[in-house]
Amino acid sequence: MISIDRPSRTADLSDVRVANRAAVLRHVRLHAPCSRADVAARTGLNKATVSSLVGELIEHGLLRETGLTENRVGRPATMLVLDGSRYVGLGLRIGADELVVVAVDLAGERVLIWRRAFAAATAGPDETVAALAALARRAINRVTGAGRTVLGLTVGVPGPVDADGLVPAAPAVGWRNVPLAAALRRALRDPGFPIGVDTDANLAVSAELRHGPYAGTADLVYLTGGPTAGVVSGGRLLRGGRGFAGEIGHLPVLPDGPACGCGRRGCLAALVGVDAVVRRLLPDATQDGPITDHLPEIERIQVLARAGDDPVRTGLTEVGRQLGRAVCVLVDLLDPEVVVLGGHLAALAPWLLPAVRAELADRTLAPPPVVRVEASTLGSEASALGGATAALATVEAGQLPAA
Ligand SMILES: [Zn+2]
């Protein structure tokens with residue numbers, strides 16, 4: 001983030017104004033409703049500057065005044081909140097079993113959440129892009145029909161993504177070298193707003209950081225249950241040199257464990273990935289062919305675990321232990337405050353967490369208190385929610401919308 005206290009010597013006045021707008025928006029987001037005087041006092045900007053910035057932000061539909069006034073000595077103040085009525089960001093997620101779209105307004109409200117059952121792995125990239133574009137188009141029509149403007153769209157995919165929005169490899173959906181951002185832009189006929197693509201884990205951890213119960217936690221790790229972890233370290237998303245950080249799916253956990261899609265054995269993904277868990281706990285699940293929809297199988301596991309089924313409970317404890325080994329590595333490496341489990345790991349968390357925590361207590365070197373490991377409460381739309389939030393990032397960073 002650009003410092004508002006010490007702008008660099010080379011920054012020109014417009015850069016300073018952009019940074020100041022961002023500081024005002026951030027303050028109102030965290031402390032609304034608040035007065036102009038509060039904003040000035042807390043950001044260190046002078047009152048005339050705040051007044052001018054607030055006027056501009058109201059004019060562009062990013063802030064609005066509420067009728068509320070503050071009860072304190074002196075003149076009552078008009079209170080400010082973020083204006084959610086004009087702009088939204090869209091987030092989409094390509095899961096193994098479903099497509100999800102979420103629209104979030106500037107005030108952080110989820111104005112739309114749609115899901116569509118879709119087997120991306122069997123459909124292939126072309127058909128997936130067409131389905132994704134159709135879903136996006138419907139969502140765009142819905143929000144623009146309600147008088148809102150879309151500022152951007154970000155898609156979460158289960159694999160690494162390069163800076164151009166190309167997906168080099170996403171084994172969960174069988175993709176190699178798919179130029180997703182470009183293909184989606186073409187399919188949507190250049191919609192006039194930016195289209196981004198990111199790893200679903202990065203978007204999910206961003207959603208946790210903004211919308212989850214651990215919002216604001218500076219050191220947070222999110223495990224999707226897929227190949228990638230989303231890592232926030234020191235308040236920043238950890239991307240690595242090429243944007244491929246967080247690939248933990250092929251961490252060796254169990255020598256001579258089950259074969260993994262990567263050609264090795266005993267990788268984390270081959271032990272705790274959704275397909276591995278279903279095959280292991282429900283040996284009959286693949287009798288009628290490959291599993292295309294994991295959700296009903298995960299629900300079956302939940303039912304059996306609740307009923308106290310011994311093999312399922314023992315199996316879940318084993319999965320929890322193996323997951324715990326990987327969490328220990330992350331904890332020793334990154335020293336997070338919270339590790340959040342998403343996807344099927346969140347659904348099975350009541351039976352996994354005791355074993356994960358036991359493994360952590362046995363193995364980590366960090367002094368107590370031991371890191372918290374918790375289930376995500378954001379559901380399977382977490383990465384789409386993070387995508388929608390990411391699509392608002394330019395405006396939150398102080399750029400005025402073109403519309
Ligand atoms: Zn592997």
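Trainee: Which residue follows helix 4 and has a positive phi?

Mentor: This is a predicted model, in which local features need pLDDT of at least 70, side-chain atom pairs count only at pLDDT 80 or more, and totals for chains, interfaces and linings use all residues. Residues are numbered from 1 along each chain as its sequence is written, and side-chain values use heavy atoms, with hydrogens and water left out. Helices (DSSP runs of H or I, at least four residues) and strands (runs of E, at least two) are numbered from the N terminus. Look just after helix 4, where phi is near 85 degrees; the residue is Gly147.

Trainee: How far apart are the end C-alpha atoms of helix 4?

Mentor: Helix 4 covers residues 120-145, which is 26 residues. The expected span of a helix is 1.5 Å times one less than its number of residues. A straight helix would reach 38 Å here, but the ends are only 29 Å apart.

Trainee: At which residue does helix 4 bend?

Mentor: A bend is the angle between two fitted axes, one for the seven residues ending at a position and one for the seven starting there. For helix 4 that angle is about 85 degrees, at Asp126.

Trainee: How many cavities of 30 Å³ or more does a search of the whole structure find?

Mentor: A cavity is a set of points, on a 1 Å grid over the protein atoms alone, where a 1.4 Å probe fits but cannot get out. Points are joined across faces, edges and corners, and the volume is the space filled by probe spheres set on them. The largest holds about 70 Å³, and the second largest about 40 Å³. The search total is 2.

Trainee: Which helix gives the largest share of the lining of the largest cavity?

Mentor: Lining residues have an atom within 4 Å of a cavity point. Here they are Leu25, Arg26, Arg29, Leu82, Leu106, Val395 and Glu396. Helix 1 (13-31) and helix 14 (393-396) each supply at least two of them. The largest share, 3 residues, comes from helix 1.

Trainee: How many charged residues are in each lining, first of the largest cavity, then of the second largest?

Mentor: Asp, Glu, Lys and Arg count as charged; Ala, Val, Leu, Ile, Met, Phe, Trp, Tyr, Cys and Pro as nonpolar; the others, Gly among them, as polar. The second lining includes Leu223, Thr224, Gly225 and Ile248, and divides into 6 nonpolar and 4 polar residues. The largest cavity has 4 nonpolar and no polar residues in its lining. The charged counts are 3 for the largest and none for the second largest.

Trainee: Which residue forms a salt bridge with Asp198?

Mentor: A salt bridge is a side-chain nitrogen of Lys or Arg within 4 Å of a carboxyl oxygen of Asp or Glu. The structure holds 18 of them. In this one, the closest N and O atoms are 2.7 Å apart, and the partner of Asp198 is Arg239.

Trainee: Why does that pair tie together parts of the chain that are apart in sequence?

Mentor: Asp198 lies in strand 10 (residues 195-199), while Arg239 is in the loop between strand 13 (236-237) and helix 7 (268-272). So the pair ties together parts whose separation in sequence is 41 residues.

Trainee: Is Asp198 buried or exposed?

Mentor: Buried means under 20% relative accessible area, exposed over 50%, and partly exposed in between (1.4 Å probe, protein chains only). Arg239, at 37%, is partly exposed. Asp198 has 8%, so it is buried.

Trainee: Which residues are linked with Arg321 in a network of salt bridges?

Mentor: Start with Arg321 and Asp362, whose closest N and O atoms are 3.4 Å apart. Arg321 is in helix 10 (residues 310-334) and Asp362 in helix 12 (residues 349-363). Arg321 is partly exposed at 28%, and Asp362 is exposed at 58%. The network links Arg321 with Arg325, Glu359, Asp362 and Arg363.

Trainee: Which residue is joined to Ala32 by a cis peptide bond?

Mentor: Most peptide bonds are trans. The one after Ala32 is cis, with omega about -5 degrees. The partner is in the loop between helix 1 and strand 1 (34-35) and is Pro33.

Trainee: What is phi of Asp335?

Mentor: Most residues other than glycine have a negative phi. Asp335 is in the loop between helix 10 and strand 14 (338-341), and counts as exposed at 55%. Its phi is positive, near 50 degrees.

How values were computed. 1 Å grid on protein atoms, 1.4 Å probe; cavity = no way out; pocket = protein on both sides within 12 Å on 5 of 7 lines; lining within 4 Å.
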